[in-house]
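I opened the model to look up how its chains are built and how they meet. My entries follow.

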Amino acid sequence: MKPENPLQNDEVLTRTLREWKVEASLPPHFRDEVWRRIEHRDLQEPVWLALARRLSAAFARPSLAASYVALLLLAGLLAGFWQVRVTRAQMSETMGARYVQMIDPYQRSLH
Amino acid sequence: MKRLLLVLVAGLAAAVLGYCGIYYAGTAKYCCPAPGSAPELAWLKQEFHLSDAEFARISAMHEQYLAGCAERCRHIDMKNRELARLLAATNTITPEIEKALADCALLRAECQKKMLEHFYTVSQTMPPDQGQRYLTWVQRKTVLSDTHTEMHHH
C-alpha cells in the first residue's frame, strides 16, 4: 500500500474547507431564542445574589449610601426615643406604687 | 461587594449607636437616685419638679411621718392578731369580736387621718400646681382607692 503524503492531504483539506459553504439556514427566531435563554439564565440567579448586585450598584453612589446610613441612624434614634418613653412610664408607675406602699400601711403586704 | 458590606455594616452600626445613645441619655438620671435618699423620694422629686430645698423639707416630713406610721403599723398588727384569735375561737359574732372590729375600723380611720394630714403638709410644701397634682394623685391611690369596685368586678 502506498503511503499517503501528509502535506498533499493538508492542501486538499484546506482547499475543500475554503470551497465548503454552509447551505443550512438559521432556524426561525434564532436570535430571539438566544436572548430568551440569556434572560432565563439571569432569572435563575439566586435572589440574594441579584439583590446584592443591585444594592452594590446603588451604593456605588455616595449620596445613596449616605442616605441609607442616615436613615438607619434616624430609625435607631426613634426606636431609642420610644423605648425611653416606655421605660420611663414603667419606672414612674413602679416608683409611684412603691411610694404609696411606703406611706399607706393598708397597702403593705403585712396588713 | 466589599463596599456593599461596608455600607450595610455602617448603617447597622449607626442604628445601634443611635438607639443606645438616646436610651442612655434618656434613662441615666432614673437609674441612680441621689445618695442617701430613697428611690421613691427621688422619684417624687423628679415627678413633681421639686427644688432641692422643697425636697429636703419633704424628706424630713416623710421621715417624721414614717416614724409615727411604724407605731401605727404595730398597733394594726396587734389588733389583727387579736381579731384572728377571736374569730378562730367561735363561729358567731360575739361582743368581743364587735369591739375588735370597731377598734380596727377606728385604727384605720386614724391611719387615714394621719395620712391625709401628711399629704396636705407635703402638698403645701410643693409649688401650688404640683401640690394640687400630688394631692389628687395620692388621694386617688390611697383613701379613694377603687379596690372595692375592682373586687366586685372580679
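**Chain B, then chain A, then the contact**

I began with contacts inside chain B, counting two residues as in contact if their C-beta atoms, placed from the backbone, lie within 7 Å. Among those between residues at least 6 apart in sequence, 50% join residues at least 24 apart in chain B.

I noted that this is a predicted model, where local features need pLDDT of at least 70, side-chain atom pairs count only at pLDDT 80 or more, and totals for chains, interfaces and linings use all residues. Residues are numbered from 1 along each chain as its sequence is written, while chains are lettered from A and ligands numbered from 1 in the order in which they are written.

I looked up secondary structure as DSSP runs, numbered from the N terminus, with helices being H or I of at least four residues and strands E of at least two. Chain B has six helices and zero strands, in the order α-α-α-α-α-α. For chain A I found four helices and zero strands.

I checked burial next, where buried means that 20 or more other C-beta atoms, placed from the backbone, lie within 10 Å of the residue's own. Of the 154 residues in chain B, 16% are buried. In chain A, 10% of 111 residues count as buried.

Last, I looked at where the chains touch: 37 residues come from chain B and 33 residues from chain A. On the chain B side, α1 (2-31), α2 (39-47), α3 (52-89) and α4 (95-125) each supply at least two residues. α1(B) gives the most, with 18 residues.

Methods: Buried ≥ 20, exposed ≤ 12 C-beta atoms within 10 Å, placed from the backbone.
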